[in-house]
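Visitor: I have the sequence and the model open side by side, and I would like a close look at one part of it. Could you walk me through the nonpolar core and what lies around it?

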Amino acid sequence: GGAALSPDESHIVFRRTSVPEIWIMKTTGEEPRKLLSVSADSVHDARLAWFPDGRRIAFASASRAGETFSIQAYDLAS
């Protein structure tokens, strides 16, 4: 998996290695919650990034055949 520390250093966003999911939790390890499940038909890059405002994250995915590549944003309030 991959992980990234929020700009205010209060949260960590991370990928699970066992299943295609992205999670968030406080840096203390408290309040873990799944943000989203990603398609098993896609290949997902381990890198994650926070937007400077700390309210959104970015992640990359590609089709298994390599035909498409995208960088997606996820709003933590949604």
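Visitor: Which residues touch the most other members in the largest nonpolar core?

Guide: Happy to take you there, with one reminder: this is a predicted model. The largest nonpolar core has 13 residues, and the ones that touch the most other members are Val13, Ile22, Leu35 and Ile57. Two or more residues of this core come from each of β3, β4, β5 (42-50) and β6 (56-63).

Let us stop at Leu35. Setting aside neighbours within four places in sequence, Leu35 is in contact with Val13, Ile22 and Ile57. Its other contacts on that count are Trp23, Ile24, Tyr74 and Leu76.

Now to the strands. An open sheet is formed by four strands, in the order β1-β2-β3-β4, with antiparallel pairing. At its edges are β1 (3-5) and β4 (33-37), each of which pairs on one side only. On average, neighbouring strands of this sheet are turned by 20° against each other, direction ignored. Inside the order, β2 (residues 11-15) pairs with β3 (residues 21-26) in the antiparallel sense, over five bridges. One position to find on your screen is His11, which stands opposite Lys26 in β3.

The loops of this sheet deserve a look too. Glu9 is in the loop between β1 and β2, and its phi is near 60°, a positive value in a residue other than glycine. Glu31 belongs to the loop between β3 and β4; its phi, near 55°, is also positive in a residue other than glycine. Glu9 is exposed because its relative accessible area is 56%, where over 50% counts as exposed. By that cut-off Glu31 is exposed as well, with a relative accessible area of 55%.

From there, move on to strand β7 (residues 69-75), where you will find Ser70. Ser70 touches Phe59, Ala60 and Ser61, not counting residues up to four places away in sequence. Between Ser70 and Phe59 there are 8.4 Å from C-alpha to C-alpha, and the two are 11 residues apart in sequence. Ser70 is partly exposed, with a relative accessible area of 26%.

A last stop is for the aromatic rings. The structure holds zero aromatic pairs. What you can find is Arg56 lying over the face of Phe51, at 4.0 Å from the ring centre.

Definitions and conventions. Residues are numbered from 1 along each chain as its sequence is written. This is a predicted model: local features need pLDDT of at least 70, side-chain atom pairs count only at pLDDT 80 or more; totals for chains, interfaces and linings use all residues. Side-chain values use heavy atoms; hydrogens and water are left out. Two strands pair if DSSP finds at least two bridges between them. Axes are lines fitted to C-alpha atoms, for helices over the stretch in contact, and angles run from 0 to 180 degrees between N-to-C directions. Rings of Phe, Tyr and Trp (its six-membered ring) pair if their centres lie within 6.5 Å; planes under 30 degrees apart count as stacked, over 60 as edge-to-face and the rest as tilted. A charge sits over a ring if NZ of Lys or CZ of Arg is within 6 Å of the ring centre and within 35 degrees of the ring normal. A nonpolar core is a set of buried Ala, Val, Leu, Ile, Met, Phe, Trp, Tyr and Cys residues joined through side-chain atoms within 4.5 Å. Buried means under 20% relative accessible area, exposed over 50%, partly exposed in between (1.4 Å probe, protein chains only). Contact means heavy atoms within 4.5 Å.
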